[in-house]
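Please look through the model below before reading on. The dialogue takes its features one by one.

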Amino acid sequence: MADEVATLAGGCFWCTEAVYQNLKGVKAVESGYIGGSLPNPSYEQVCSGSTGHAEAIRITYDPAVISYADLLDIFFATHDPTTLNRQGNDVGTQYRSAIFPHSPEQESEARAGIDRAQADQSAPIVTAIEADAPWYPAEDYHQKYWDRVGDKNPYCMAVIPPKLAKLRKGFEERIAG
């Protein structure tokens, strides 16, 4: 079975990337920008909120090992899909919760994933399903941020370990040994 791609935006890409990079069946995770109007935006331009892009991750995975539905269930369990244009202290459309399906099947699974996740939420899920759009990889210093320098960043230390704890609690069998 050929590898597939999933594109998810769940706030700061450093934090979302850290959740997915050690899952069985995940071959690569790339941080980047999607859903905006400016070609090849910089981090500073995206952070200004003026480009319309979301900070997102692009996951290359083996669907014979981990399904798109599993990726979505992990997505909903490790960020707050009920806050519009914000994750914690990160506020702005660049931090929105969004799914960018690459096929009609992924779009259908995204809708089903939202329905599954809603049962665990006390507020309505506001995660948007947005049209696939041009993908712009983030600058090199953003890639594998948690692995490289995240433990030296107080923001990352406050946000990422709780996400990883949720991952271990609910999806331990999916974590690569």
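What follows is a dialogue on reading the fold, the sheet and the buried residues.

Q: What kind of model is this, and how are residues numbered?
A: This is a predicted model, in which local features need pLDDT of at least 70 and side-chain atom pairs count only at pLDDT 80 or more, while totals for chains, interfaces and linings use all residues. Residues are numbered from 1 along each chain as its sequence is written, and side-chain values use heavy atoms, with hydrogens and water left out.

Q: How many helices and strands are there in the protein chain?
A: Helices (H or I, at least four residues) and strands (E, at least two) are DSSP runs, numbered from the N terminus. The protein chain has 6 helices and 8 strands. Their order from the N terminus is β-α-β-α-β-α-β-β-β-α-β-β-α-α.

Q: What does the radius of gyration of the protein chain say?
A: The radius of gyration is taken over C-alpha atoms, and the globule rule is 2.2 Å times the number of residues to the power 0.38. For 177 residues a compact globule would have a value near 16 Å, and the protein chain agrees with 15 Å. Along the principal axes, the C-alpha atoms fill a box of roughly 35 × 35 × 35 Å.

Q: Which share of the contacts in the protein chain joins residues 24 or more positions apart?
A: A contact means heavy atoms within 4.5 Å. Of the contacts with a separation of 6 or more, 76% are between residues 24 or more positions apart.

Q: In what order do the strands of the open sheet lie?
A: Strands of a sheet pair through backbone hydrogen bonds, either parallel or antiparallel. Two strands are counted as paired if DSSP finds at least two bridges between them. Here the open sheet has 6 strands in the order E7-E6-E1-E3-E2-E8, with mixed pairing. Strand E7 (128-129) and strand E8 (135-137) are at the edges with a single partner strand each, so one side of each lacks a neighbour in the sheet.

Q: How many bridges join E2 to E3, and which residues stand opposite each other?
A: Strand E2 (residues 26-34) and strand E3 (residues 54-61) run antiparallel and are joined by 8 bridges. Val 29 faces Ile 59 of E3, and Tyr 33 has Glu 55 as its bridge partner there.

Q: Which strands does E1 pair with?
A: Strand E1 (residues 4-10) runs antiparallel to E3, with 5 bridges. In E3, Tyr 61 stands opposite Glu 4, and Arg 58 is the bridge partner of Thr 7. E1 is also joined to strand E6 (residues 97-99), again antiparallel, by 3 bridges. In that pairing Ala 9 stands opposite Ala 98.

Q: Which parts of the chain are buried?
A: Buried means under 20% relative accessible area, exposed over 50%, and partly exposed in between, with a 1.4 Å probe and protein chains only. Buried residues make up 47% of the 177 residues. E3 is mostly covered, with 7 of its 8 residues buried, and E1 is mostly covered too, with 5 of its 7. In helix H3 (residues 68-77), 7 of 10 residues are buried, among them Leu 71, Leu 72 and Phe 75.
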